[in-house]
Amino acid sequence: QLQLVESGGGLVQAGGSLRLSCTASGRTFSSYAMGWFRQAPGKEREFVARINWSATSTYYADSVKGRFTISRVSAADTVYLQMNSLKPEDTAVYYCAAGSQPSGAMDYWGKGTLVTVSS
């Protein structure tokens, strides 16, 4: 089992920045691709960003491209999501996930951290 714990959420004004962290434990962190997803109130969970196991490839949802940056530090078993130019529509619970499936499906999920962007 891989345990994932997110942190860094909070309340920020529109245009501001936050950095989310996700720390892994229990298994070899560097073996997994890591992703961030989010779920806004009343909406389905959606993909935000993904980084492969070697940190050589990243992918972003169109809605966050150019504003969010995903990164990972394997020595710290941690993946980050730097969020800049935040908008009220970025308000959601943000989840960290890890996966090793060729399909890209995620195997492990954190419990989430709430990000609220005020207008």
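## A quick tour of strands, core and links

Strand 5 and strand 6 form a hairpin with 6 residues between them, and Ala55 in that turn has a positive phi of about 65°. This is a predicted model, so please read what follows as computed from that prediction. The briefing starts from the hairpins, moves to the open sheet and the nonpolar core, and then turns to the disulfide and the salt bridges.

**Hairpins around strand 5**

- Strand 5 and strand 6, the latter covering residues 58–60, run antiparallel and are joined by 3 bridges.
- Within this pairing, Ala49 stands opposite Tyr60 in strand 6.
- Strand 5 also pairs with strand 4, again in the antiparallel sense, over 5 bridges.
- Here Ala49 in strand 5 has Trp36 standing opposite.
- Strand 4 and strand 5 form a hairpin too, with 6 residues between them.
- In the turn of that hairpin, Gly42 has a positive phi of about 75°.

**The open sheet**

- Four strands make an open sheet in the order 1-3-8-7, with antiparallel pairing.
- Its edge strands are strand 1 (3–7) and strand 7 (68–73), each of which pairs on one side only.
- From one strand to the next, the twist averages 15°.
- Strand 7 is joined to strand 8 (residues 78–83) by 6 bridges, and the two run antiparallel.
- If you would like one pair to look at, Phe68 has Met83 in strand 8 as its bridge partner.
- As general background, strands of a sheet pair through backbone hydrogen bonds, either parallel or antiparallel.

**The nonpolar core**

- The largest nonpolar core has 31 residues.
- Which of them touch the most other members? They are Leu4, Met34, Trp36, Val79, Leu81, Met83 and Tyr94.
- At least two residues of this core come from each of strand 3, strand 4 (33–39), strand 5 (46–51), strand 7, strand 8, strand 9 and strand 11 (113–118).
- Leu4 is in contact with both Cys22 and Cys96, leaving aside neighbours within four places in sequence.
- On the same basis, the contacts of Leu4 also include Met34, Tyr108 and Trp109.
- Leu20 is found in strand 3 and counts as buried, at 0% relative accessibility.
- Not counting residues up to four places away in sequence, Leu20 touches Trp36, Val79, Leu81, Met83 and Tyr94, among others.
- Ser7, Thr113 and Val115 are also among the residues that Leu20 touches.
- Leu20 and Glu46 are 26 residues apart along the chain, and their C-alpha atoms are separated by 17 Å.

**The disulfide**

- How many disulfides does the model have? The count comes to 1.
- Cys22 and Cys96 form this disulfide, with their sulfur atoms 2.1 Å apart.
- Cys22 lies in strand 3 (residues 18–25) and Cys96 in strand 9 (residues 92–99), so the pair ties together parts that are 74 residues apart in sequence.
- The link of Cys22 and Cys96 is left-handed, with -75° about the S-S bond.
- Are the two cysteines buried or exposed? Cys22 is buried, with a relative accessible area of 0%, and Cys96 is buried with a relative accessible area of 0% as well.

**Salt bridges**

- The count of salt bridges comes to 4.
- Glu46 and Arg38 meet through their side chains in a salt bridge, at 2.6 Å from N to O.
- Of these partners, Glu46 is partly exposed, with a relative accessible area of 37%, whereas Arg38 is buried, at 6%.
- Arg67 and Asp90 form another salt bridge through their side chains, at 2.7 Å from N to O.
- This pair links distant parts of the chain: Arg67 sits in the loop between strand 6 and strand 7, and Asp90 in the loop between strand 8 and strand 9, 23 residues apart.
- Arg67 counts as buried because its relative accessibility is 11%, under the 20% cut-off.
- Asp90 is buried, with a relative accessible area of 1%.
- A network of salt bridges links Arg38, Glu46, Arg67 and Asp90.
- Asp62 forms a salt bridge with Lys65, with the closest N and O atoms 3.1 Å apart.
- Both Asp62 and Lys65 are exposed.

Note on methods
Residues are numbered from 1 along each chain as its sequence is written. This is a predicted model: local features need pLDDT of at least 70, side-chain atom pairs count only at pLDDT 80 or more; totals for chains, interfaces and linings use all residues. Side-chain values use heavy atoms; hydrogens and water are left out. A disulfide is a pair of cysteine sulfur atoms within 2.5 Å. Buried means under 20% relative accessible area, exposed over 50%, partly exposed in between (1.4 Å probe, protein chains only). Two strands pair if DSSP finds at least two bridges between them. Axes are lines fitted to C-alpha atoms, for helices over the stretch in contact, and angles run from 0 to 180 degrees between N-to-C directions. A nonpolar core is a set of buried Ala, Val, Leu, Ile, Met, Phe, Trp, Tyr and Cys residues joined through side-chain atoms within 4.5 Å. Contact means heavy atoms within 4.5 Å.
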